[in-house]
Amino acid sequence: IVTVYSGAYLGGHRYTGRYQLLLQSFMVSMLGLVLADNLILLFVFWELTTFTSFLLIGFTHDQSAARESARQALFVTGAGGLAMLAGFVLIGQAAGTYSLTAILSQGNRLIGSPGYPLILILILAGAFTKSAQFPFHFWLPNAMTAPTPISAFLHSATMVKAGIYLLARLHPVMSGPLAWTVPLTVFGTITALLGAILAFGQTDLKRILAYTTLMALGMLTLFLGGTHTAALVAALTFFLVHALYKSALFLVVGILDHQTGTRQLNAVRGLWRTMPWSAAAALAAALSMAGFPLFFGFIGKEIMYDGALSMNFMPGPLTAVAVGANTLMTAVAGILFVRPFMGRALSGTAAPHEAQTALFGGPLLLGGTGILFGII
């Protein structure tokens with residue numbers, strides 16, 4: 001969807017070929033990351049996603065903000081990746097192998113090793129920087145200088161989930177002790193609440209989505225701190241729920257920017273009259289984000305509350321956090337749809353026309369998938 005969308009979004013751009021090469025290179029790197037069975041190979045692909053994302057964030061390299069944001073993301077996630085590599089080396093020494101399959105078959109051997117505390121710190125450093133957990137959260141909103149399709153692909157559905165993937169992958173052999181549970185729940189909670197609150201202070205639509213992505217990443221980290229099935233089901237369900245609605249919303253914001261020339265929340269109104277298909281895509285994604293019944297987001301949030309109640313560390317407060325964060329997300333979802341699309345068009349502004357099918361088709365499909373998955 002992002003590849004097709006990008007062809008229309010960047011139509012006529014002199015660096016379209018370079019962009020598509022970088023986009024597909026990132027996709028190959030991400031596939032390598034999740035398919036690797038060797039920890040060192042996983043690290044190689046991990047850093048390839050860092051390098052390709054650096055080039056994609058800084059794609060508009062004639063703008064100083066894009067260059068600075070790309071360098072910041074490279075420094076933070078690259079440094080975390082090196083810490084993770086040190087953790088992988090220690091895991092290899094403790095387990096006697098770098099094969100993930102073999103390590104996962106050894107049960108609690110890692111937890112019982114003397115190096116477990118240091119391994120945990122190094123692995124969390126890699127996961128937290130990649131998935132923008134507090135206090136490393138700042139790089140993600142700044143990365144919104146990237147072209148909007150990149151934000152939809154890297155910064156909602158794939159790259160920022162790599163840290164979450166790593167925590168989930170190693171969960172069977174590293175979870176259980178409070179040394180695992182406490183940092184994941186504490187930092188996940190802080191990141192979720194911080195992202196949800198900061199989203200309200202933004203006027204740039206992409207930055208609003210970036211901060212709500214922080215909220216989602218925090219919730220995913222929080223649930224991976226649990227050990228019960230309900231908590232893990234909540235994490236993996238919301239993993240997919242978020243990818244669907246957030247990438248759709250990013251693509252809709254890209255349509256607004258492409259058709260109106262602005263991403264400012266206060267600059268456009270009443271667009272549903274002239275952009276009905278884009279409005280329908282935005283509505284479907286926003287309803288899933290808000291957890292409206294029949295949508296996949298509704299299922300995800302119900303499972304989320306069940307998971308919070310099953311946590312073995314402060315289940316009551318964590319359930320309150322889940323309810324509070326989801327309440328804030330419902331309000332943000334309403335703002336994202338109502339402010340640009342409803343009401344009367346602002347006087348003195350030209351009415352934009354609907355985007356071409358290659359642009360609105362993707363987010364419409366993603367929004368429809370949110371309904372289909374919810375019903376199923």
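Arg-71 is partly exposed, with a relative accessible area of 44%. Its side chain meets that of Glu-68 in a salt bridge, at 3.0 Å from N to O. Glu-68 is partly exposed too, at 43% relative accessible area. Both residues lie in helix α4, three residues apart, or about one turn of the helix. The model is a predicted one.

**Salt bridges**

The structure holds three salt bridges.

| Pair | Closest N to O distance |
|---|---|
| Arg-71 and Glu-68 | 3.0 Å |
| Asp-204 and Arg-263 | 3.0 Å |
| Asp-257 and Arg-263 | 3.5 Å |

What does the pair of Asp-204 and Arg-263 tie together? Asp-204 lies in the loop between α11 (178–198) and α12, and Arg-263 in the loop between α13 and α14 (276–290), so the pair ties together parts that are 59 residues apart in sequence. Asp-204 has 14% relative accessibility and counts as buried, because the cut-off for buried is under 20%. Arg-263 is partly exposed at 22%. Arg-263 also forms a salt bridge with Asp-257. Asp-204, Asp-257 and Arg-263 are thus linked in a network of salt bridges.

**Helix α3**

Helix α3 covers residues 39–57. At 1.5 Å a residue, its 19 residues should span 27 Å. The end C-alpha atoms are 27 Å apart, which agrees. At the start of α3, a side-chain oxygen of Asn-38 reaches to within 2.8 Å of the backbone nitrogen of Ile-40.

Several residues of α3 are buried, among them Leu-39, Leu-42, Phe-43, Trp-46, Leu-56 and Ile-57. The buried set also includes polar residues: Glu-47, Thr-49, Thr-50, Thr-52 and Ser-53. Against which helices do the buried residues of α3 pack? They pack against α2 (16–35), α4 (64–95), α5 (100–104), α7 (116–130), α9 (148–157) and α10 (162–174).

α3 also contributes to the surface. Ile-40, Leu-41, Val-44, Leu-48 and Val-89 make a nonpolar surface patch of about 340 Å². α3 gives the most to this patch, with four residues. Ile-40 lies in α3 and is partly exposed, with a relative accessible area of 31%.

**Helix α13**

The 32 residues of α13 should span 46 Å at 1.5 Å a residue. Its end C-alpha atoms are 46 Å apart, in agreement. Is α13 mostly covered or mostly uncovered? It is mostly covered, with 23 of its 32 residues buried. Gly-261 follows α13, and its phi is positive, near 80°.

**Two fully covered residues**

Ser-156 sits in helix α9. At 0% relative accessibility, Ser-156 counts as buried. Leaving aside neighbours within four places in sequence, Ser-156 is in contact with Ser-151, Lys-161, His-242, Ala-243, Lys-246, Ser-247 and Phe-250.

Gly-225 is placed in the loop between α12 (205–224) and α13 (229–260). Gly-225 also counts as buried, at 0% relative accessibility. Which residues does Gly-225 contact, leaving aside its neighbours within four places in sequence? They are Trp-180, Thr-181, Leu-184, Thr-185, Met-311 and Asn-312. The C-alpha atoms of Gly-225 and Ala-235 are separated by 9.8 Å, and the two residues are ten apart along the chain.

How values were computed. Residues are numbered from 1 along each chain as its sequence is written. This is a predicted model: local features need pLDDT of at least 70, side-chain atom pairs count only at pLDDT 80 or more; totals for chains, interfaces and linings use all residues. Side-chain values use heavy atoms; hydrogens and water are left out. Helices (H or I, at least four residues) and strands (E, at least two) are DSSP runs, numbered from the N terminus. The expected span of a helix is 1.5 Å times one less than its number of residues. Buried means under 20% relative accessible area, exposed over 50%, partly exposed in between (1.4 Å probe, protein chains only). Contact means heavy atoms within 4.5 Å. A polar contact is a pair of N or O atoms within 3.5 Å; within protein, one must be able to donate a hydrogen and the other to accept it, and residues adjacent in sequence count only if both atoms are side-chain atoms. Patches are made of residues with over 30% relative accessible area and no salt bridge: like charges are joined within 9 Å, nonpolar side chains (Val, Leu, Ile, Met, Phe, Trp, Tyr) within 5 Å. Accessible areas come from the Shrake-Rupley method with a 1.4 Å probe; for residues, only the protein chains shown count as cover. A salt bridge is a side-chain nitrogen of Lys or Arg within 4 Å of a carboxyl oxygen of Asp or Glu.
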